[in-house]
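Let's take a look inside a protein and see what a ligand has for company. Here's a quick briefing to read alongside the picture.

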Amino acid sequence: MTNENNNNRGLWGSKIGFIAAAAGSAIGLGNIWRFPYLAGENGGAAFVFLYLFCILLIGFPVMLAAISMGRSAQRSIVGSFKTLAPDSNWKYVGILGVITGFAILSFYSIVAGYTMGYIFKTVLGSFNNIQNAQQTKQIFAEFISDPYWVFICSYLFLFLNGVIVYKGIENGIERWSKRMMPILFILLIILVIRSLTLEGALAGLNFYLKPDLSKITGSTIMNALGQALFSLSLGMGTMITYGSYLSKKDNLVTSASYVCILDTLIAFIAGLAIFPALFAMNLAPDQGPSLVFIVIPSIFSKMPGGIFFGTGFFILLSIAALTSTISQLEVVVAYFIEEWKWSRKKATAISVAVASVIAIPSAFSGGIVQFFTKLPVYGGDFLSFMSTVFGSYNLIIGSFFIAVFVGWKWGVHLASEEIIKGNPHFKIRFLWNFLIKYVSPIAVFLILLNLIKSSFF
Ligand code: TRP
């Protein structure tokens, strides 16, 4: 492996290696599956604007904080907290991250399994004679309640994931990320064009881009923040772990900026593809997690060569999901290697096995087992429950602590010194210091408070 330091850790193999891998982590089902469905459920444009604010004021500063922690400590999440604040309780924030990592990996792999299954469905002709969106809705409902499809695809996905992570940092992760992203981008643009030219598309555009501020509630804001952090892979140690494979020459500010911009762009474009088509098909925007699986095949069915493009799309989306789950798995694997002194092989095998077990109730939640399809008290399905608790709340809590840690405990001074190593001018130093010390933690705190207030009082 490319190397200029250090204790046998892998390093990214090229200058754009980190950006490719971190963008590969960030860009995934979060952008194309989760962002549109949450925007649809939370009032459209108002959500989109809140989301952008969260990226700027919280996402970007926290990302810079996380990668500077990782690069400085050269350890994974728990080790980074231990190194930068020895003998303190901060390591528990790391442990929370590892637990969150397992949880996210488990439900994410199920949705990734759906995505992979849709490759086969498209090829096998399930979407050949689609007249309306009711049919695609029906196909999806049948698909996710079929245990064979769900388990075979999701476990195949987890297995592939394990193989790539086992092969280690440079060989596995970078290579996948660099090649696929541009093609996915082009396919999304094609989808946008078709979607916007459907009759009735304008209503969707209005819903997506014309904010109705009266729709904002405590939970809209929380969902927007949770989604911003989820999409940027923040709050559970992914960027700390990936940052630990960076060299001291790398410019952290540009790297973080690229990742934030690319990720936000892809999510935005995905929404632009989904909402006009959704309204053109007379569907309600609050379809929940099934949204993209209903809308995307319907758009392809209205295109010449739809089967071809559709197959390509689901292949690329599966790969995008894979580069994201690789980063989730890498967090827990790196933790076991460092803290429990396991070999990479053992750490990967056991982590994948554990994730496969935790994934079972999420796999059941599309109709296979009624209990998990409609949880008592919560009312929704188990997968959505996991997505809210671990994919939003825990990331918000984790990011809050990362901001407080870098702003106050490790300190902006030391963090800035770390950033300066690859970026002597560090023009936004004072702005960033201010954001990470005050703006991000206070904003996150207020959002949490507001949520508690609106859900209990
Ligand atoms: N950001 C990825 C996506 O949008 C998912 C992801 C990868 C993630 N690593 C993460 C989410 C760490 C939260 C934390 O698809």
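Keep in mind that this is a predicted model. Start with the lining of the largest cavity: sorted by class, it has eight nonpolar residues, nine polar ones and no charged ones. And what takes up that space? The ligand does: the space it fills is the largest cavity.

**The cavity**

- Counting cavities of 30 Å³ or more gives you just one.
- Its volume comes to about 120 Å³, and 17 residues line it.
- If you want to find the centre of the largest cavity, look for Ser25, Ile104, Phe230, Ser233 and Gln328, the lining residues closest to it.
- Four helices each chip in at least two lining residues: H1 (15-26), H5 (91-123), H10 (218-231) and H14 (306-339).

**Polar contacts with the ligand**

- Alanine 26 uses its backbone here, with an N or O atom 2.9 Å from an oxygen atom of the ligand.
- Glycine 30 also has a backbone N or O atom by a ligand oxygen, this time at 2.8 Å.
- With serine 327 it's the side chain: one of its N or O atoms sits 3.1 Å from a nitrogen atom of the ligand.
- How much of the ligand does the protein bury? On its own the ligand exposes 360 Å², and the protein buries 100% of that.

**The shell around the ligand**

- H1, helix H2 (29-41), H5, H10 and H14 are the elements giving two or more residues to this shell.
- There are 17 residues around the ligand, and the ones that come nearest are Ala26, Gly30, Tyr108, Phe230 and Ser233.
- By class, the shell splits into seven nonpolar residues, ten polar residues and no charged ones.

Terms used. Residues numbered from 1 in each chain as written. Predicted model: local features only at pLDDT ≥ 70, side-chain atom pairs only at ≥ 80, totals over all residues. Heavy atoms only, no water. 1 Å grid on protein atoms, 1.4 Å probe; cavity = no way out; pocket = protein on both sides within 12 Å on 5 of 7 lines; lining within 4 Å. Points joined across faces, edges and corners; volume = space filled by probe spheres on them. Nonpolar A, V, L, I, M, F, W, Y, C, P; charged D, E, K, R; others polar. Near = heavy atom within 4 Å. Polar contact = N/O pair within 3.5 Å; in protein donor to acceptor, adjacent residues only side chain to side chain. Areas by Shrake-Rupley, 256 points an atom, 1.4 Å probe, with all protein chains shown as cover. Sits in = over half its atoms within 2 Å of the grid points.
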